[in-house]
Amino acid sequence: RTQFADKDLWKASLQQPQATLRKKTKNQTTNMFGEIVGRLHLERQSIDSIQGKKAKALRRAEKAQAQEEHAAVEQELEREEQSMRMEFKQTYGFDETETKRGKK
């Protein structure tokens, strides 16, 4: 063709019906099986603060270790208390418990 149609006629011929036009969807694609695959954009997560699922054996090991530490602390406290009693007896010549019994 050497001549183009009128501007109004040209515009009318290029128009497409609204029903055939689809709105463009962002971050969505279709894979070879015809499934729609989308991409989500999330904020960065700090892995340090997330608590994952722990294995049962790990929980048991942690519990056993905590009990051992608690027993060691109790034993150390008992030793300190016993040494303080001995020191008191050496200094004052009588047990601390004797004075408590006498007051009652």
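Let's begin with the salt bridges: this structure holds two of them. Keep in mind as you look around that the model is predicted. One bridge joins the side chains of Glu 76 and Arg 79, with 2.8 Å from N to O. The other pairs Arg 85 with Glu 81, and here the closest N and O atoms are 2.7 Å apart. Side chains of opposite charge can pair when their charged atoms come close.

Where do Arg 85 and Glu 81 lie? Both are in helix H2, four residues apart, which is about one turn of the helix. Glu 76 and Arg 79 also belong to H2, and because they are three residues apart in that helix, about one helical turn separates them. If you're wondering why such spacings suit a pair, remember that an α-helix has 3.6 residues a turn, so residues three or four places apart point the same way.

Are the partners in these bridges buried or exposed? Neither word quite fits Glu 76, which is partly exposed at a relative accessible area of 37%, and Arg 79 is also partly exposed, at 46%. Over in the second bridge, Glu 81 has a relative accessible area of 40%, so it counts as partly exposed. Arg 85 comes out at 33% relative accessibility, which again means partly exposed.

Now take in helix H2 as a whole. It runs through residues 56-92, and at 1.5 Å a residue its 37 residues should span 54 Å. The C-alpha atoms at its ends are 54 Å apart, so the expected span and the model agree.

Go to the start of H2 and you'll meet Lys 56, which is found in this helix. Lys 56 is part of a patch of positive charge on the surface, where it gathers with Lys 53, Arg 59 and Arg 60. With a relative accessible area of 54%, Lys 56 is over the 50% cut-off, so it counts as exposed.

Follow the chain to the other end, and just after H2 you reach Gly 93, which takes a positive phi of about 85°. This glycine sits in the loop between H2 and helix H3 (96-103). Its relative accessibility is 59%, so Gly 93 counts as exposed. For a sense of distance, try looking from Gly 93 back to Ala 71: the two are 22 residues apart along the chain, and their C-alpha atoms are separated by 32 Å.

A positive phi turns up at Asn 27 too, and this time in a residue other than glycine, with a value near 60°. That's worth a second look, since most residues other than glycine have a negative phi. Which part of the chain holds Asn 27? Its place is in the loop between H1 and strand E1 (28-30). At a relative accessible area of 43%, Asn 27 is partly exposed.

Step along to Gln 28 and you're in strand E1. Gln 28 has a relative accessibility of 43%, so it counts as partly exposed. From here, look across to Met 86: it is 58 residues from Gln 28 along the chain, and the C-alpha atoms of the two are 79 Å apart.

Finally, head back to helix H1, residues 7-14, where you'll find Leu 14. What does Leu 14 form together with Phe 4 and Trp 10? These three make a nonpolar patch on the surface, and their accessible area adds up to about 390 Å². Leu 14 has a relative accessible area of 56%, so it is exposed. You've now visited a nonpolar patch on the surface as well as a patch of positive charge.

Conventions:
Residues numbered from 1 in each chain as written. Predicted model: local features only at pLDDT ≥ 70, side-chain atom pairs only at ≥ 80, totals over all residues. Heavy atoms only, no water. Patch = residues over 30% accessible without salt bridge, like charges linked within 9 Å, V, L, I, M, F, W, Y side chains within 5 Å. Areas by Shrake-Rupley, 256 points an atom, 1.4 Å probe, with all protein chains shown as cover. Salt bridge = Lys/Arg side-chain N within 4 Å of Asp/Glu carboxyl O. Helix = DSSP H or I, 4+ residues; strand = E, 2+ residues; numbered from the N terminus. Buried < 20%, exposed > 50% of the residue type's maximum accessible area, 1.4 Å probe, protein only. Expected span 1.5 Å × (residues − 1). Lys, Arg positive; Asp, Glu negative; His and termini not counted. Charge placed at Lys NZ, Arg CZ, Asp CG, Glu CD.
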